[in-house]
Amino acid sequence: SHTNVVQVYEVGRWEQQVYVAMEFVQGKTLGVWLKAQSRPWQTILDVMVQAGLGLSAAHQADIVHGDFKPDNILIDEKDHARVVDFGLA
């Protein structure tokens, strides 16, 4: 559990499919967030550092993300970043 990683509640199987039940984050992907409006560089840097902290937390738990990109970082309405989609981990 880390503030910059989306919370996963359950992983399981239903019929022949694997599912992941996770925290719902109301927000935008990093790519959409960056294009939505001009922001001070300090705000952008803060969000990038948050994403890096989330990725670092995963690595410290011996989890390699495998697909770290702007579409796999969600930014909420308070500019809080969370790393998502550990499907290739």
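**Entry 1: Lys69**

I started at Lys69, which is partly exposed, because its relative accessible area is 36%. That value falls in between the cut-offs of under 20% for buried and over 50% for exposed. I note here that I am working on a predicted model. Lys69 sits in the loop between helix H2 (41-60) and S4. I then checked its distance to Val84. The two C-alpha atoms are separated by 9.9 Å, with the residues 15 apart along the chain.

**Entry 2: the chain overall**

I stepped back to the whole chain. I find two helices and five strands. Along the sequence they follow the pattern β-β-β-α-α-β-β. The C-alpha trace spans about 45 × 25 × 20 Å along its principal axes. Of the 89 residues, 31% are buried. I also looked up the contacts between residues at least 6 apart in sequence, and 50% of them join residues at least 24 apart. The exposed area is about 6100 Å², with carbon and sulfur atoms supplying 55% of it.

**Entry 3: helix H2**

Next I checked the length of H2. Its 20 residues should span 28 Å at 1.5 Å a residue, and the end C-alpha atoms are 28 Å apart, so the two agree.

Which residues of H2 are buried? I list Val47, Gln50, Ala51, Gly54, Leu55, Ala57 and Ala58. They cover an arc of only 155° around the axis, so they lie on the same side of H2. I looked for what covers them, and found helix H1 (30-36), S4 and strand S5 (81-83) among the covering elements. On the face turned away from the buried side, I find the exposed residues Trp41 and Gln60. Just after H2, I noted that Asp62 takes a positive phi of about 60°.

**Entry 4: Asp76**

I moved on to S4, the strand of residues 73-76, which contains Asp76. Is Asp76 buried or exposed? I count Asp76 as buried, because its relative accessibility is 12% and the cut-off is under 20%.

I then asked what the side chain of Asp76 reaches. One partner is the backbone nitrogen of His80, at 2.9 Å. Another is the side chain of Arg82, in a polar contact of 3.4 Å. Leaving out residues up to four places away in sequence, I find that Asp76 touches Val25, Gln26, Gly27 and Arg82. Arg82 therefore appears twice in my notes on Asp76, as a polar partner and in the list of touching residues, where the cut-off is heavy atoms within 4.5 Å.

Technical notes: Residues are numbered from 1 along each chain as its sequence is written. This is a predicted model: local features need pLDDT of at least 70, side-chain atom pairs count only at pLDDT 80 or more; totals for chains, interfaces and linings use all residues. Side-chain values use heavy atoms; hydrogens and water are left out. Helices (H or I, at least four residues) and strands (E, at least two) are DSSP runs, numbered from the N terminus. Buried means under 20% relative accessible area, exposed over 50%, partly exposed in between (1.4 Å probe, protein chains only). A polar contact is a pair of N or O atoms within 3.5 Å; within protein, one must be able to donate a hydrogen and the other to accept it, and residues adjacent in sequence count only if both atoms are side-chain atoms. The expected span of a helix is 1.5 Å times one less than its number of residues. The arc is that of the directions from the helix axis to the C-beta atoms. Accessible areas come from the Shrake-Rupley method with a 1.4 Å probe; for residues, only the protein chains shown count as cover.
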